[in-house]
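Happy to look through this one with you. Shall we go through it by question and answer?

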Amino acid sequence: MKAAIFDLDGTLADTSGDLLNAANAVLAPQGLPLLSLANDKPFAGRGGREMIRRSLWMAGRPEDDPLVDQLYAPLLEAYSGALAVETRLYDGVVECLDKLKTDGWRIGVCTNKPEGLALGVLDALGIRDRFPAILGADTLPVRKPDPIHLTETARRIGADPQRAIMIGDTLTDLTTARRAGVPCILTSFGFAAEPLAELAPDAIVDHYREIPSALTRLAAA
């Protein structure tokens, strides 16, 4: 059985606003520089610690500053209390998932967001029940770019891991797919900092309407 495995942040939904707001909620009391969508959106998808490190770098402080660990738990707490204030599904997600179901694809989510937060976001967006398996950063002892994170997601939805295709938005997703020996589709509207053409995924999509045909083509190849 073929599998379409989706990343969450920057792939299924634009979560950047709520993530950066949570970071700023703990950075502001420390007098640290605040993050903005205009300049720091790529960091939203890299996890709480990376957002804190970004602010520390802006302040001229070392990336191993103890504040990275001290502020991480409060950041997650702030985020958990406002998971979907600004977060929105990308245009066409629901229609795409309907099409994939009709076409016989098994679908799952493989994200480096903590599992509980991922479940909360997908529930708030109304699509949690569409995915038989949702694996977060803490579901297994490993996470992306370790390929086991991807292959285990495929197994849990009853699919052949070697027939899986990763759908993501960053180098981390591409690296995970490459290590698993499966194709990767990257979205042009996600959080990637690098030009996607330089990353050279198997396909680049500009809208969710393009995903079903891209999956079919890659599965046939």
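**Salt bridges, backbone and core**

Q: Which residue forms a salt bridge with Lys 144, the closest N and O atoms being 2.7 Å apart?
A: In this predicted model, the pair links distant parts of the chain, 29 residues apart. Lys 144 sits in the loop between β5 and α7, and its partner is in helix α8 (residues 171-180). The partner of Lys 144 is Asp 173.

Q: Are Asp 173 and Lys 144 buried or exposed?
A: Here the cut-off matters: buried means under 20% relative accessible area, and exposed means over 50%. By that rule, both Asp 173 and Lys 144 are buried.

Q: Which residue is linked with Lys 144 and Asp 173 in a network of salt bridges?
A: Side chains of opposite charge can pair when their charged atoms come close. Lys 144 and Asp 173 form one such pair, and the network also takes in Asp 7.

Q: What kind of peptide bond joins Lys 144 and Pro 145?
A: Most peptide bonds are trans. Pro 145 lies in the loop between β5 (134-135) and α7 (147-156). With omega at about 15°, the bond from Lys 144 to Pro 145 is cis.

Q: Which helix gives the largest share of the core that includes Phe 6 and Leu 215?
A: That core is the largest nonpolar one, with 53 residues, and Phe 6 and Leu 215 are among those touching the most other members. Its largest share, six residues, comes from helix α1.

Definitions and conventions. Residues are numbered from 1 along each chain as its sequence is written. This is a predicted model: local features need pLDDT of at least 70, side-chain atom pairs count only at pLDDT 80 or more; totals for chains, interfaces and linings use all residues. Side-chain values use heavy atoms; hydrogens and water are left out. Helices (H or I, at least four residues) and strands (E, at least two) are DSSP runs, numbered from the N terminus. A nonpolar core is a set of buried Ala, Val, Leu, Ile, Met, Phe, Trp, Tyr and Cys residues joined through side-chain atoms within 4.5 Å. Buried means under 20% relative accessible area, exposed over 50%, partly exposed in between (1.4 Å probe, protein chains only). A salt bridge is a side-chain nitrogen of Lys or Arg within 4 Å of a carboxyl oxygen of Asp or Glu.
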